[in-house]
Amino acid sequence: MCGIIGITSNKPVSSAIISSLRKLEYRGYDSAGIATLSNGAINEIKSEGRVDNLEKNPLIKNMLGSVGIGHVRWATHGMPNTINAHPHSSETVSVVHNGIIENSTTLKKYLINKGHKFKSQTDTEVIVHLITEYLKENDLKNSILKMLKQLHGSFALGIIIKDQPDLIVGARRGSPLAVGYGLNENYLGSDSYALKSMTNKISYLSDGEFCIIKKNQVDFFDEIGNKVNKKVLELSSTEENYDKGEFKHFMAKEIEEQPITLKNCVKEYIDNINNDINIHNFPWKLYEINSVTLIGCGSAYNSCLTAKYWFEELTTLDVSVDVASEFRYRINRFKKDTLYIFVSQSGETADTYAALDLCNKNKMKTACIVNVIESSIARDSNFILPIHCGPEIGVASTKAFLGQLFVLYIMALKLAFLKKNITKDNYILKIKDLKQLPKLIKETLLNENKVRSAANTFAKAKGSMFLGRGTSYPIALEGALKLKELSYTHAEGYPAGEMKHGPLALIENGMPVVVLAPRDKYYSKIISNMQEVIARGAKVLLITNKSKDEVVSENIWETIEVENINDDLIPFLLTIPIQKLAYYTALKKGHDIDKPRNLAKSVTVE
Ligand code: M6R
């Protein structure tokens, strides 16, 4: 995580750096800082917490300098306080860093022996002292090359140097970094999003490269110092809406926007005239794909888990699902006839990117399902399937999750049809149902009184459980994840059939338990599992779908009924109440809903 910005210009840069840092807060909000070069010295201002705190520093307004770097931090090494905030500076060098330096302890010992004094607990500070040390006897380029050679780990760096007052150095290994081009000024950013308000002309550094950015010139170098030519790419100029509008939080807005997300998905992927699914320019022949591996983290992983049921139910393909951080280090048996699908809202998640990179290096077929189409994962996949849901600002993923489910479902359905695993009639029927989703989600969103009042109980509870079977199991995991991240209380998602193998011991009198029990083939089984927890004192919030038949069960604390649709698509509707439950529980507890503690929107460290 951590966000980096750098600007070299012919006018003061501090206020432009602060505005960019606000945009970058989705990458971390533990602390923020800025350093500029002026009057032959490095000036540094840092503060704990949000960019707002940094801006409140009275010295910021008068901060001079037409070359500067800024940073928002998500703490890895060292507490989130002002001393550990970036930039880190010596008399001569100032550095901002995203990533982790794995050999920082060894490097620190070496530098201390050479007489360098450290101020912070961060891994980043070794970079400052390495460059300071090498600059004593080397020119800039060689000092940077020598410093980069010493570092193990992944990083994106922005560096300014007292004696080189017209430039910024950028360098990357693992973590992404972009350069933007302006009129008499140029920029460095941890991604193109940070630069979009200043320019639409961008180049990306490739892994191992570094660059020297002056206001009218940018030079790129590879890891041995040879000059590299770069393509300048043009970003789309689509105006995106980053406004909360009438809503108190982005999360509330993003939950309510879900009918529009699904409408956009239907518009992009469904051919109304031919009742077909549009997946244009799919680069492989059908017979080349016999299995699918779905990879993601967090909510994206939960969407993959849901899709596993769909692929199994609809197609004859072998399907496996993996958490990206596990996949990247396992001994994988790569198979030429497997399609590896990477799911990520941001498209910048470090573990998901590393898993993709591993597949690319092994020459596998890679596709991605992303929201941010200019992201690293989108750029480096063989094939992109966007989810078209617009910017998702709240750290808790909501509309992106439904967008991911949609694209995964149409992938499964289309492959099932093309591989002749389902009949044309069935295919058309399922497409018709898909078109109902925006309307049904809208109706389900209106039904919120019960979930709102249930949130009062969850807000007081020590912990809770979410149970499901079939596709409702990953939705239970998603419900528990949402509640954990927003309410800061323990919540577990379980396949209901597993309860008696251990977790049932956790149930005590009054413990709230969400049971996701749509009227699908698992219904009677999960109703029995529900009775088992009720018998042990659980307060069950049952979430099911509307039906003519009453729920035949006793002692249920509360029942919420979502709209009705075919069994495949029920997960979309079950997701709505569990999102609202997490939102209202956090609201009741007075938490910072859009920026929950210890988290960041884009997880760019492994
Ligand atoms: O940007 P990504 O979809 O790759 O992010 C993956 C996870 O970090 C993300 O889904 C996270 O779990 C959410 N905060 C959950 O609400």
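This note walks through a predicted model of one protein chain, from overall build to single residues.

1. **Overall build.** The protein chain has 18 helices and 27 strands. Its radius of gyration is 26 Å, close to the 25 Å that the globule rule gives for 606 residues, so the chain is as compact as a globular protein of that length. Along its principal axes, the C-alpha trace spans about 80 × 55 × 45 Å.

2. **Burial and contacts.** Of the 606 residues, 59% count as buried. Now take the contacts between residues at least 6 apart in sequence. Of these, 71% join residues at least 24 apart.

3. **Domains.** The domain assignment gives domain 1 (3–234), domain 2 (250–444) and domain 3 (449–589). Look at the last two together. The C-alpha centres of domain 2 and domain 3 lie 25 Å apart. Across this pair, 33 residues of domain 2 are in contact with 29 residues of domain 3.

4. **The largest core.** In soluble globular proteins, nonpolar side chains tend to be buried together. Here the largest nonpolar core holds 88 residues. Within it, L294, F311, F406 and F572 touch the most other members. Helix α13 (residues 399–418) gives the largest share, 14 residues. Domain 2 and domain 3 each supply at least three residues to this core.

5. **F406 up close.** Which residues does F406 touch, not counting residues up to four places away in sequence? They are L262, C265, V266, Y269, I270, L434, L437 and F572. F572 is also among the four residues that touch the most other core members.

6. **Another core.** Apart from the largest core lies another, of 28 residues. Its members include I101, F155, I161 and F221.

7. **Helix α17.** This helix runs over residues 523–534 and has 12 residues. From its first C-alpha to its last it reaches 16 Å, close to the 16 Å expected at 1.5 Å a residue. Its buried residues are Y523, I526, I527, N529, M530, V533 and I534. Seen down the axis of α17, they fall within an arc of 160 degrees, so they line one face of the helix. The spacing fits a simple rule. An α-helix has 3.6 residues a turn, so residues three or four places apart point the same way. The cover over the buried residues of α17 includes β23 (463–468), β25 (512–516) and β26 (539–545).

8. **V515, a partner of α17.** V515 sits in strand β25. Is V515 buried or exposed? It is buried, because its relative accessible area is 1%, and the cut-off for buried is under 20%. Leaving aside its neighbours within four places in sequence, V515 is in contact with L467, I526, M530, V540, L541, L542 and I543. Of these contacts, I526 and M530 are also listed among the buried residues of α17. The C-alpha atoms of V515 and G493 are separated by 10.0 Å, and the two residues are 22 apart along the chain.

9. **Helix α15.** In α15 (residues 449–460), V451, A454, A455, T457, F458 and A459 are buried. Their cover includes β23, α16 (472–487), β25, β26, β27 (558–562) and α18 (570–589). Strands β23, β25 and β26 also help cover the buried residues of α17.

10. **H129.** This histidine is found in helix α4 (residues 125–135). H129 is buried, with a relative accessible area of 6%. H129 touches L111, H116, K117 and F118, not counting residues up to four places away in sequence. The C-alpha atoms of H129 and V95, 34 residues apart along the chain, are separated by 9.9 Å.

Technical notes: Residues are numbered from 1 along each chain as its sequence is written. This is a predicted model: local features need pLDDT of at least 70, side-chain atom pairs count only at pLDDT 80 or more; totals for chains, interfaces and linings use all residues. Side-chain values use heavy atoms; hydrogens and water are left out. Helices (H or I, at least four residues) and strands (E, at least two) are DSSP runs, numbered from the N terminus. The expected span of a helix is 1.5 Å times one less than its number of residues. Buried means under 20% relative accessible area, exposed over 50%, partly exposed in between (1.4 Å probe, protein chains only). The arc is that of the directions from the helix axis to the C-beta atoms. Contact means heavy atoms within 4.5 Å. A nonpolar core is a set of buried Ala, Val, Leu, Ile, Met, Phe, Trp, Tyr and Cys residues joined through side-chain atoms within 4.5 Å. Domain bounds come from an automatic or database domain assignment. The radius of gyration is taken over C-alpha atoms; the globule rule is 2.2 Å times the number of residues to the power 0.38.
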